[in-house]
Amino acid sequence: MILVDEPRWPGRGRLWSHLASDLSYAELHVFAEMLGVPRRAFDRDHYDIPAARFQTALWLGATLVRSRDLSARLRAAGLRRPKHLSPGS
């Protein structure tokens, strides 16, 4: 399932949401491509998407969840990649 949280994370002069999948990275990459999000927006286990794409993500079928629930679902699915465990950290 594709998950998205509310756009409330500030950065580069705008607000951002997190887009993730609790099924697979392949599902996430396909959805991000449909949404028009560049691959460079992928950050370890999620995409950062600008607030301008939030409603479209919902329209395409993403499920709105709280940020903490998004992280919990990633952990439960074994797809969470914390920064401190990423290569080069």
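Q: Before anything else, how are accessible areas worked out here?
A: Accessible areas come from the Shrake-Rupley method with a 1.4 Å probe. The structure itself is a predicted model.

Q: How much surface does the chain expose, and what share do carbon and sulfur atoms supply?
A: The chain exposes about 5,500 Å², and 55% of that area is supplied by carbon and sulfur atoms.

Q: And what share of the residues is buried?
A: Of the 89 residues in the chain, 38% are buried.

Q: Which elements does the chain have, and in what order do they run?
A: There are 3 helices and 6 strands. Starting at the N terminus, the order is β-β-β-α-β-β-α-β-α.

Q: Why is the chain described as being as compact as a globular protein of that length?
A: Its radius of gyration is 12 Å, close to the 12 Å that the globule rule gives for 89 residues, so the chain is as compact as a globular protein of that length. The C-alpha trace spans about 30 × 30 × 25 Å along its principal axes.

Q: What part do residues far along the sequence play in the contacts?
A: Among contacts with a separation of 6 or more, 55% are between residues 24 or more positions apart.

Q: New topic: how many aromatic pairs are there?
A: The structure holds 2 aromatic pairs. In one of them, the ring centres of Y25 and F42 lie 6.0 Å apart with the planes at 80 degrees, so this pair is edge-to-face.

Q: Where do Y25 and F42 lie?
A: Y25 belongs to helix 1 (residues 25-35) and F42 to strand 4 (residues 42-43), so the pair ties together parts that are 17 residues apart in sequence.

Q: What about F42 and Y47?
A: The rings of F42 and Y47 have centres 5.2 Å apart and planes at 55 degrees, so that pair is tilted. Y25, F42 and Y47 form one aromatic cluster.

Q: Is Y25 buried or exposed, given the cut-off?
A: Y25 has 18% relative accessibility and therefore counts as buried, since buried means under 20%. Y47, at 1% relative accessibility, counts as buried too.

Q: And R68, buried or exposed?
A: R68 counts as exposed because its relative accessibility is 60%. Its place is in helix 3 (residues 67-77).

Q: What separates R68 from P10?
A: Their C-alpha atoms are separated by 17 Å, and the two residues are 58 residues apart along the chain.

Q: Last one: how many charged side chains are there?
A: The chain has 14 positive and 9 negative side chains, and the centres of these two sets lie 5 Å apart.

Note on methods
Residues are numbered from 1 along each chain as its sequence is written. This is a predicted model: local features need pLDDT of at least 70, side-chain atom pairs count only at pLDDT 80 or more; totals for chains, interfaces and linings use all residues. Side-chain values use heavy atoms; hydrogens and water are left out. Helices (H or I, at least four residues) and strands (E, at least two) are DSSP runs, numbered from the N terminus. The radius of gyration is taken over C-alpha atoms; the globule rule is 2.2 Å times the number of residues to the power 0.38. Buried means under 20% relative accessible area, exposed over 50%, partly exposed in between (1.4 Å probe, protein chains only). Contact means heavy atoms within 4.5 Å. Lys and Arg count as positive and Asp and Glu as negative; His and the chain ends are not counted. The place of a charge is taken as NZ of Lys, CZ of Arg, CG of Asp or CD of Glu. Rings of Phe, Tyr and Trp (its six-membered ring) pair if their centres lie within 6.5 Å; planes under 30 degrees apart count as stacked, over 60 as edge-to-face and the rest as tilted.
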